[in-house]
Amino acid sequence: MITSTSSSQVKHVMQLLKKAKTRKEFKEFVVEGARMVKEAPLERLVKMYASQSFYENHKDFFGDILADRLEIVSDSVFCQMSDTQTPQGVLAVVKMHSAEWSDIFSDNPLILMIENLQDPGNLGTIVRMGEGAGVSGVIMSSNTVDIYNPKTIRSTMGSIYRVPFIYTDDFTGTIKKCQREGVTIYAAHLDGRNTYTQENYKKPTAFLIGNEGNGLSCKATEAADTLIKIPMEGQVESLNAAIACTVLTYEAMRQRKN
C-alpha cells in the first residue's frame, strides 16, 4: 500500500492531472470516480488506484483487474492525488486513443467542428451531448482546450471513450476537406441567413461552433457553406456554446429520424 505522496506513482498521477504537457508526453490521462473507472476500456487501462477504505468496502468492484494494475493508497494520500473536492476513492490512468478520419466519416456523417473553445466543462458537455445525439465525431482546432483536462473528462461522463475526436492544426483546411467529402458546413452565426430549423440536415452535415466570447473566426465563417441562426428573445444575443451545439445537433437528429 502506498502511504506517502513522495511515491513516484503518486507524483505521476498528480502531474497528469495538472499538466497537459505531461499528458501529451506519456499519452495518458486520469479518470476519477467509480463510473468513469468502470467504463474505461480494459485494454487501455494502465493503472487503477483505490483508497484503502474504498477497496475494503468495494472489493467486488475490481472484478477482472489484474493485481499488477491495481494499487491501494492510504486515504490521506488519495485525497492529495485526487482532483475533486470529495473523492469517491478510485481513479485510473488510461491510455489515450487517436481516432482516424475513417472513424468520423461514416456513410452519412453528422460532425461537430469546434474552434478555439476554452472552457473545459463546455467541451466535455459537447462530447457527452454528441454521443446522445448520435454524432459521427468531433473535430477541434489545435487551440481548443485540451480534451483530456480533468474537468473536461468529468463532464463527458464516459463519452470520452466512445465519441471519435481529432485535433487539426489547419481548421479552415479541414473545413474544406470535409466539403470535398460531400459534407455541408453550417456555421452558427448571428448573421445567419435562415433560422436553424429551416435547413436540411438529413444529408452529410457539420456544425461549426466558435469561441465562447468571440464566436467563429472570420476564416472559418467564410469557409462555411451556410450561416444559420438560433432565434433569441429578450436581450440575449447568443447561447452558451454547449447549449447552441445541443440545439443544432438534436434538430439534425430529429430530422434524420423522421
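**Figure 1. Lysine 27 is exposed, with a relative accessible area of 55%.** The model shown here and in the views below is predicted. Lysine 27 counts as exposed because its 55% lies over the 50% cut-off. The residue sits in the loop that links helix 2 (20-26) to strand 1. Its backbone stands out too: phi is positive, about 55°, although lysine 27 is not a glycine. Most residues other than glycine have a negative phi.

**Figure 2. The whole protein carries eleven helices and eleven strands.** This overview places the close-ups. Along its principal axes, the C-alpha trace spans about 60 × 40 × 30 Å. The protein has 258 residues, and 51% of them are buried. Among contacts with a separation of 6 or more, 75% join residues 24 or more positions apart.

**Figure 3. Four strands build an open, mixed sheet in the order 1-4-2-3.** The edges are held by strand 1 (28-32) and strand 3 (70-73). Each has a single partner strand, so one side of each lacks a neighbour in the sheet. On average, neighbouring strands are turned by 20° against each other, direction ignored. Helix 1 (residues 8-18) packs on this sheet. The helix touches strand 1, strand 2 (45-51), strand 3 and strand 4. Its direction makes about 90° with that of strand 1.

**Figure 4. Strand 1 pairs with strand 4 and is largely enclosed.** Strand 1 and strand 4 (residues 90-95) run antiparallel, joined by five bridges. Glutamate 32 has leucine 91 of strand 4 as its bridge partner. Valine 31 is bridged to alanine 92, also in strand 4. Which residues cover each face of strand 1? Glu28, Val30 and Glu32 lie on one side, Phe29 and Val31 on the other, and all are buried. Five of the five residues are buried, so the strand is largely enclosed by the rest of the structure. Strand 1 is thus an edge strand with a single partner in the sheet, yet both of its faces are covered.

**Figure 5. Helix 7 (residues 120-133) is mostly covered.** The helix has 14 residues. From first C-alpha to last it reaches 20 Å, close to the 20 Å expected at 1.5 Å a residue. Ten of the 14 residues are buried. They are Pro120, Gly121, Asn122, Leu123, Gly124, Ile126, Val127, Met129, Gly130 and Ala133. What do these buried residues pack against? Their strand neighbours are strand 5 (110-114), strand 6 (137-141) and strand 7 (165-168). Their helix neighbours are helix 8 (150-156) and helix 11 (241-257).

**Figure 6. Both ends of helix 7 show local backbone detail.** At the start, a side-chain oxygen of aspartate 119 comes to within 3.1 Å of the backbone nitrogen of glycine 121. Just after the helix, glycine 134 adopts a positive phi of about 75°. Asparagine 116 lies in the loop between strand 5 and helix 7. Its phi is positive as well, about 60°, although asparagine 116 is not a glycine. At 23% relative accessibility, this asparagine counts as partly exposed. It misses the buried class because that class needs a value under 20%.

**Figure 7. Serine 6 lies in the segment before helix 1.** Its side chain makes a polar contact of 2.7 Å with the side chain of serine 4. Valine 77 is 71 residues away from serine 6 along the chain. In space, the C-alpha atoms of serine 6 and valine 77 are separated by 9.7 Å.

**Figure 8. Cysteine 79 and cysteine 218 differ in exposure class.** How many disulfides does the model contain? The count comes to zero. A disulfide is a covalent bond between the sulfur atoms of two cysteines. Cysteine 79 is partly exposed, at 47% relative accessibility. Cysteine 218 is exposed, with a relative accessible area of 60%. The 50% cut-off falls between these two values, so cysteine 79 stays partly exposed while cysteine 218 counts as exposed.

Methods. Residues numbered from 1 in each chain as written. Predicted model: local features only at pLDDT ≥ 70, side-chain atom pairs only at ≥ 80, totals over all residues. Heavy atoms only, no water. Pairing = 2+ DSSP bridges. Helix = DSSP H or I, 4+ residues; strand = E, 2+ residues; numbered from the N terminus. Axes fitted to C-alpha atoms, helices over the stretch in contact; angles between N-to-C directions. Contact = heavy atoms within 4.5 Å. Disulfide = S-S within 2.5 Å. Buried < 20%, exposed > 50% of the residue type's maximum accessible area, 1.4 Å probe, protein only. Expected span 1.5 Å × (residues − 1). Polar contact = N/O pair within 3.5 Å; in protein donor to acceptor, adjacent residues only side chain to side chain.
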